[in-house]
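Subject: Structure handover

Hello,

Here is the structure we talked about handing over. My notes on it follow below the display.

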Amino acid sequence: MSRLDHTEQLRRLAINDAGFADHDLRGAVAGSTGLDPKTLALVRLAALIAVGGSGPSFGAHADAAVSAGASAPEIVDVLVGVVPTVGLPRVVAAAPKVGMALGYDINGDEDDRSGG
């Protein structure tokens, strides 16, 4: 299959082309987009924050991001970066799930969480 240019992809998405969704988007699911694997993993994590994903989903996507070369600070930067777009309540709800996915004890005592 030849890769469609971005304008054709956008057109097919806009008209809800069933053939495009059934065939061409499978590559996007598999990770064969024009984005590098790390960026794609971080974008998917941002989308998960936006839709209020479940804890296990955050685990899988955080693992994928780390496997693609993302650091924990970069993953936290995604949380901070999407606040203006998705709102603070979505990010606050996602933060413990991201923390657990990264292996942080989110139920630690108050002194640990406040840095003091």
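Which residues of the largest nonpolar core touch the most other members? They are L42, I49, F58, A65, I75 and L79, in a core of 16 residues. Four elements give two or more residues to this core: α3 (37–51), α4 (55–67), α5 (72–81) and α7 (88–101). The largest share comes from α3, which gives six residues. As background, nonpolar side chains in soluble globular proteins tend to be buried together.

Please keep in mind that this is a predicted model.

Overall make-up

The chain has eight helices and zero strands, so the order of elements from the N terminus reads α-α-α-α-α-α-α-α. Of its 116 residues, 23% are buried. The exposed area of the chain is about 7400 Å², and 59% of that comes from carbon and sulfur atoms. Among contacts with a separation of 6 or more, 50% are between residues 24 or more positions apart.

I49 and the α3/α5 packing

Leaving aside residues up to four places away in sequence, I49 touches F58, V78, L79, V82, V86, R90, V91 and A94. Two of these partners, V78 and L79, also appear on the α5 side of the contact between α3 and α5. The axes of α3 and α5 are 10 Å apart and meet at an angle of about 40°. α3 is therefore oblique to α5, since an angle counts as roughly parallel only when it is under 35 degrees. The crossing of the α3 and α5 helices is right-handed. On the α3 side, the contact is made by K38, L42, L45, A46 and I49; on the α5 side, by E74, I75, V78 and L79.

A70

Is A70, which sits in the loop between α4 and α5, buried or exposed? A70 counts as buried because its relative accessibility is 6%, and the cut-off for buried is under 20%. Not counting residues up to four places away in sequence, A70 touches K38, L42, A65 and I75. Of these, L42, A65 and I75 are among the core residues listed at the start, while K38 belongs to the α3 side of the α3/α5 contact. A70 and P37 are 33 residues apart in sequence, with their C-alpha atoms 9.6 Å apart in space.

Regards

Note on methods
Residues numbered from 1 in each chain as written. Predicted model: local features only at pLDDT ≥ 70, side-chain atom pairs only at ≥ 80, totals over all residues. Heavy atoms only, no water. Buried < 20%, exposed > 50% of the residue type's maximum accessible area, 1.4 Å probe, protein only. Contact = heavy atoms within 4.5 Å. Areas by Shrake-Rupley, 256 points an atom, 1.4 Å probe, with all protein chains shown as cover. Core = buried A, V, L, I, M, F, W, Y, C linked by side-chain atoms within 4.5 Å. Axes fitted to C-alpha atoms, helices over the stretch in contact; angles between N-to-C directions. Parallel < 35°, antiparallel > 145°, perpendicular 65-115°, else oblique. Left-handed = near helix turned anticlockwise from the far one by under 90°.
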